[in-house]
Amino acid sequence: MFSPFTVTAADTLLYGVDSRGEAPPLLFLNGTFATQQSWRRVVERLGARYRTITFDARGRGRSGRSSDYSLRGAIDDTDRVIDAAAVRRPPVLVGHSYGATLAVCYAAEYPDQVGGLVLIDGAHPVSLLDEARKDDVRRHFRRRGRLTQRLAPPGRSVRMTPEQCAEVVIEMDAVNGELAADLAALRCPAVFVTDIGGRADTSPRDAAAIRAAVGRAVVDNPSVMALPAGRRDPTRPLAKDPEVVVAALAAVVQRSEPVGHR
């Protein structure tokens, strides 16, 4: 049974859905401009096996606009959602892209309140944007941002300005460049799910940097492992290869133990 809920967060309201199923709880953290709808195929395949909790971040989907789209605010919102959903056992955080970065940051700040991490195509501990590429990001969103808002399906819109969108991406890249220490210090099991080599939208140079950074993270912490993403469409693992995500979840759940209490 799926139950909607809302959470008051700073100057806005977040909208989420809780399956209220069996333990362990799984909290899904969306990609940069995605909504909780992006997890639909994964949640369907999980059935009633686990309790699943999804929510829309500020300015995305059904959640309200905010004056603050920082990662700091997103970490605080993650904690608010966990509290509002009355999650007692430390959840497994399942993050895609921006959500993967958020998952690692939350686990670093609250190490006793996370049972495990599934990091899908994100949280790669390397920064890829120099100043010129940051300017490219800003130009991209100025050119495409408002068009994307107008064309978004109902319930999946991004109600942020092009400038706000660009700064979210730029901040994520900067935080990724500082994740190595957080990944090395993780006390919970974590799995990277990625297939950078198969992505047409990633340059060979960036792909090599990401592979090297993930490889170092795996070597630095025995609790961290890496699995290849699906082959159908590496740019859309949640929609095209949800079974890969489900398999990664099973691997983390098997290795996770309750490590603390809220």
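Which helix gives the largest share of the lining of the largest cavity? In this predicted model, that share, amounting to four residues, comes from helix 2. The structure holds two cavities of 30 Å³ or more, and in the largest of them lies about 180 Å³ of space. Such spaces can be found at all because rolling a probe the size of a water molecule over the atoms shows where empty space is left.

The lining of the largest cavity is made up of 17 residues, of which Ala57, Arg60, Ala74, Tyr98 and Leu102 are the closest to the centre of the cavity. Two elements, helix 2 (71-84) and helix 3, each give two or more residues to this lining. In chemical character the lining is mixed, for its residues divide into seven nonpolar, six polar and four charged.

Helix 3 also appears in the description of the nonpolar interior. In soluble globular proteins, nonpolar side chains tend to be buried together. Here the largest nonpolar core has 53 residues, and within this core Leu117 and Leu119 touch the most other members. The element that gives the most to this core is helix 3 (residues 98-109), which supplies eight residues. A second core, separate from the largest one, consists of 20 residues, among them Val42, Tyr50, Val92 and Val245. The surroundings of Leu119 can be described in further detail: when its neighbours within four places in sequence are left aside, Leu119 is in contact with Gly95, Ala100, Ala103 and Val104, and also with Leu183, Val191, Phe192 and Val193.

Strand 4 gives a further view of how residues are covered in this model. This strand, which spans residues 51-55, is mostly covered, with five of its five residues buried. In a regular strand the side chains alternate between the two faces of the sheet. In strand 4 both faces are covered, since Arg51, Ile53 and Phe55 on one side are buried, as are Thr52 and Thr54 on the other.

The pairing of strand 4 involves strands 2 and 3. Strand 2 (residues 12-18) and strand 4 run antiparallel and are joined by three bridges, and in strand 4 it is Thr54 that stands opposite Val17. Strand 3 (residues 25-29), by contrast, pairs with strand 4 in the parallel sense, over three bridges, and the bridge partner of Leu26 in strand 4 is Thr52. Thr52 and Thr54, the residues of strand 4 named in these pairings, are both buried on one side of the strand, while Arg51, Ile53 and Phe55 are buried on the other.

Conventions: Residues are numbered from 1 along each chain as its sequence is written. This is a predicted model: local features need pLDDT of at least 70, side-chain atom pairs count only at pLDDT 80 or more; totals for chains, interfaces and linings use all residues. Side-chain values use heavy atoms; hydrogens and water are left out. A nonpolar core is a set of buried Ala, Val, Leu, Ile, Met, Phe, Trp, Tyr and Cys residues joined through side-chain atoms within 4.5 Å. Buried means under 20% relative accessible area, exposed over 50%, partly exposed in between (1.4 Å probe, protein chains only). Contact means heavy atoms within 4.5 Å. On a 1 Å grid over the protein atoms alone, a cavity is a set of points where a 1.4 Å probe fits but cannot get out, and a pocket is an open set with protein on both sides within 12 Å along at least five of seven lines; lining residues have an atom within 4 Å of a point. Grid points are joined across faces, edges and corners, and a volume is the space filled by probe spheres set on the points. Ala, Val, Leu, Ile, Met, Phe, Trp, Tyr, Cys and Pro count as nonpolar, Asp, Glu, Lys and Arg as charged, and the others, Gly among them, as polar. Two strands pair if DSSP finds at least two bridges between them.
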